[in-house]
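User: I would like a close look at a single part of this structure. Please describe how its strands are arranged and explain the terms as they arise.

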Amino acid sequence: MKRALTLFVVAAIVSLASVALAHTPLCTCYQNGDGTVTCEGGFSDGSSAAGVTMRVKDASGKELITGAINDSNEFTFKKPEGDYTVVFDAGEGHSIVINGKDIVE
């Protein structure tokens, strides 16, 4: 009985750990060829990123644009001049920073 309880507890911990790891944020951005950039976001478990805060910052860290992922899991903005980064911010441990130099058509 004690062994069965120990195995159950271990199985429960492993299951919870895999659930926690399954919620990894995903975000990719691409240039549209018309001076705009679209970012698509979501989570590795298939859940929506609608409402997740998106920030576009210049090289000094100044926020240029703030918005949110829409119901189609997209965020589109006018490409800024110069160096910039895009931040997908779904909270602690769920942020992604994308360098504007890595965003291509």
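Analyst: The following account concerns the pairing of several strands, and then one residue.

The model is predicted. Strand β3 covers residues 53–58, and strand β4 covers residues 63–68. These two strands run antiparallel and are joined by 5 bridges. Within this pairing, valine 56 of β3 lies opposite isoleucine 65 in β4. A hairpin is formed by β3 and β4, with 4 residues between them. In its turn, glycine 61 has a positive phi of about 95 degrees.

Strand β3 also pairs with strand β6 (residues 84–89), in the antiparallel sense and over 6 bridges. Here arginine 55 stands opposite valine 87 in β6.

Strand β6 is in turn joined to β7 by 5 bridges, and the two run antiparallel. Valine 86 faces isoleucine 98 of β7 across this pairing. The strands β6 and β7 form a hairpin with 5 residues between them, and glycine 91 in the turn has a positive phi of about 105 degrees.

In a regular strand, side chains alternate between the two faces of the sheet. Strand β7 (residues 95–99) has a covered face, made up of Ile96 and Ile98, and an uncovered face with Ser95, Val97 and Asn99.

Finally, threonine 38 belongs to strand β2, which comprises residues 36–43. Threonine 38 counts as buried because its relative accessible area is 5%, and the cut-off for buried is under 20%. Its side chain makes a polar contact with the side chain of asparagine 32, at 2.9 Å. Beyond its neighbours within four places in sequence, threonine 38 is in contact with several residues, among them Tyr30, Glu74 and Phe75.

Key
Residues are numbered from 1 along each chain as its sequence is written. This is a predicted model: local features need pLDDT of at least 70, side-chain atom pairs count only at pLDDT 80 or more; totals for chains, interfaces and linings use all residues. Side-chain values use heavy atoms; hydrogens and water are left out. Buried means under 20% relative accessible area, exposed over 50%, partly exposed in between (1.4 Å probe, protein chains only). A polar contact is a pair of N or O atoms within 3.5 Å; within protein, one must be able to donate a hydrogen and the other to accept it, and residues adjacent in sequence count only if both atoms are side-chain atoms. Contact means heavy atoms within 4.5 Å. Two strands pair if DSSP finds at least two bridges between them.
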